[in-house]
Amino acid sequence: MSDHSSRADGARVLADLNALRAIGVHKTGVHKPTFSEPHLASLQWLLSKLSEAKLAGTIDGIGNVISQSDKVGAKLLAGSHLESQNYAGWLDGPLGVVYALEAARVLNPDPAVAGAVEVAAWCDEEGHFGHFLGSRSYVGALTEADIDAASDRSSGRAMREALSAAGLAGVPRAMAEPGRHVGYLEAHIEQGQTLESENLKIGVVTSIVGIWQYRITFTGEQNHAGTTRMADRKDAGLALAKFCVAIDERFPKLCGPRTVWTTGRITLDPGAPSIIPGGADMLFQVRDADVAVVERLEAALNEMAVEVSAQGRCSVTVERLRTGRPAMMDSKFQQAVEEASAALGGGKSLRMPSGAGHDAQILATIMPAGMLFVPSIGGISHHWTENTSDEDIVTGAQVYVDACRRLLTQ
Ligand code: GLV
Ligand code: MN
Ligand code: MN
């Protein structure tokens with residue numbers, strides 16, 4: 001049983017989150033792409049805080065902050081990420097890192113807790129250079145060749161160059177030590193409207209969606225926008241636009257109840273007002289917790305590409321860039337979060353799947369993992385207006401620390 005004798009310090013949690021927001025502030029959010037100066041300063045900030053939690057930590061060769069406790073007993077791994085999407089919110093990532101730090105500060109010095117929380121910040125969860133590079137490295141699912149090939153999606157900067165500029169070239173990558181941790185617990189903002197709309201305070205995550213990503217490339221013929229008759233054009237941009245519409249017509253007949261798909265970026269080549277685009281490509285993402293559904297949708301994409309190519313104006317290729325890994329959250333972790341919510345969150349919790357990707361889905365491949373959500377105001381995230389009320393942040397911290405205590409004392 002938990003005695004709740006020592007609890008999260010809500011004011012300290014809020015002060016830490018605001019300190020991280022001040023590093024790389026953008027309006028009410030932050031701009032901290034992976035390996036940017038504010039991202040690296042945030043990693044240093046975390047390192048400087050670890051001694052308050054009786055932890056020793058380093059930044060490893062992929063940019064993860066990894067820490068260790070020398071306390072005897074069970075160890076729980078806890079954390080999230082400190083980089084952000086471009087010009088995005090202040091809580092996506094830092095909330096989970098600060099809750100983990102707070103749990104370590106409360107529980108590690110407590111002699112009644114026979115174990116410790118070890119805090120981690122995983123690098124590049126937001127996928128500037130790849131996807132889940134830090135947590136994949138930690139679980140042994142990232143090769144040196146993957147790092148050689150990685151580059152920043154906005155600037156094109158090579159990952160090797162970014163690592164070297166950060167002083168991390170040649171620094172060893174930390175790998176999970178088999179059997180060291182009883183599991184991994186991550187807190188996050190919900191990034192949706194379910195909790196807020198039902199006046200709930202805590203989401204107990206049951207599963208995390210898999211994310212599949214594709215580059216769909218259209219090749220036509222570049223030509224003059226004034227002299228080329230409409231009937232003679234091979235407009236790759238128009239083919240792309242029609243393809244997007246066709247996806248939206250075909251996918252609803254094939255998808256599952258929670259499938260989502262997004263064209264997040266379109267590029268026209270050369271992209272000029274007086275030139276018919278000879279090339280076009282789109283980055284397209286599909287998310288679902290059911291692999292079979294995505295296989296069906298991927299087959300449809302390939303069929304559509306063949307159909308368009310057969311019409312003879314433009315050729316279309318579909319290249320899969322990322323293969324999803326849906327993950328189930330451990331039942332003991334779900335139970336611990338639910339019990340902690342009953343004890344300290346007024347029991348206003350809901351078991352729910354996550355439509356966003358999180359490092360917990362990578363950690364879940366090698367150890368039991370769980371997640372806790374707090375409400376997002378208006379369900380907004382990946383935008384600088386992302387927010388959660390101070391009251392909900394503090395409630396979440398209390399529940400998180402208590403869930404960590406339960407997991408360590410089980
Ligand atoms: C993570 O940020 C995601 O895009 O789901
Ligand atoms: Mn996140
Ligand atoms: Mn995010």
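**Manganese site and helix 8**

Trainee: Hi! Before we start, what kind of model is this?

Mentor: This one is a predicted model.

Trainee: Thanks. Which residues are the protein donors of the manganese ion (ligand 2)?

Mentor: His81 and His188 each donate through NE2, and Asp92 through OD. These donors lie 2.0 to 2.2 Å from the ion. Along the sequence, the spacing of the donor residues reads H-x10-D-x95-H.

Trainee: And where do His81 and Asp92 sit?

Mentor: Both are in the loop between strand 5 (74-80) and helix 3 (94-107), so the pair ties together parts that are eleven residues apart in sequence.

Trainee: Are those two buried or exposed?

Mentor: His81 and Asp92 are both buried.

Trainee: How far apart are ligand 2 and the manganese ion (ligand 3)?

Mentor: The two ions are 3.6 Å apart, and Asp92 coordinates both.

Trainee: Switching to helix 8: what span should its 15 residues have?

Mentor: At 1.5 Å a residue, residues 236-250 should span 21 Å, and the end C-alpha atoms are 21 Å apart, which agrees.

Trainee: Nice. Which of its residues are buried?

Mentor: Ala236, Gly237, Ala239, Leu240, Phe243 and Ile247. Seen down the helix axis, they fall within an arc of 155°, so they line one face.

Trainee: What do they pack against?

Mentor: Strands 9 (210-219), 11 (260-269), 13 (279-288) and 14 (315-322), along with helix 9 (291-310). On the face turned away from the buried side, helix 8 carries the exposed Lys242 and Glu249.

Trainee: Last one: what caps its N-terminal end?

Mentor: Asp235 does, with a side-chain oxygen 2.9 Å from the backbone nitrogen of Gly237.

Key: Residues are numbered from 1 along each chain as its sequence is written. Chains are lettered from A and ligands numbered from 1 in the order in which they are written. This is a predicted model: local features need pLDDT of at least 70, side-chain atom pairs count only at pLDDT 80 or more; totals for chains, interfaces and linings use all residues. Side-chain values use heavy atoms; hydrogens and water are left out. Donors are N, O and S atoms within 2.8 Å of the metal (3.2 Å for Na, K and Ca); water is not among the atoms, so sites may look incomplete. Helices (H or I, at least four residues) and strands (E, at least two) are DSSP runs, numbered from the N terminus. Buried means under 20% relative accessible area, exposed over 50%, partly exposed in between (1.4 Å probe, protein chains only). The expected span of a helix is 1.5 Å times one less than its number of residues. The arc is that of the directions from the helix axis to the C-beta atoms. Contact means heavy atoms within 4.5 Å. A polar contact is a pair of N or O atoms within 3.5 Å; within protein, one must be able to donate a hydrogen and the other to accept it, and residues adjacent in sequence count only if both atoms are side-chain atoms.
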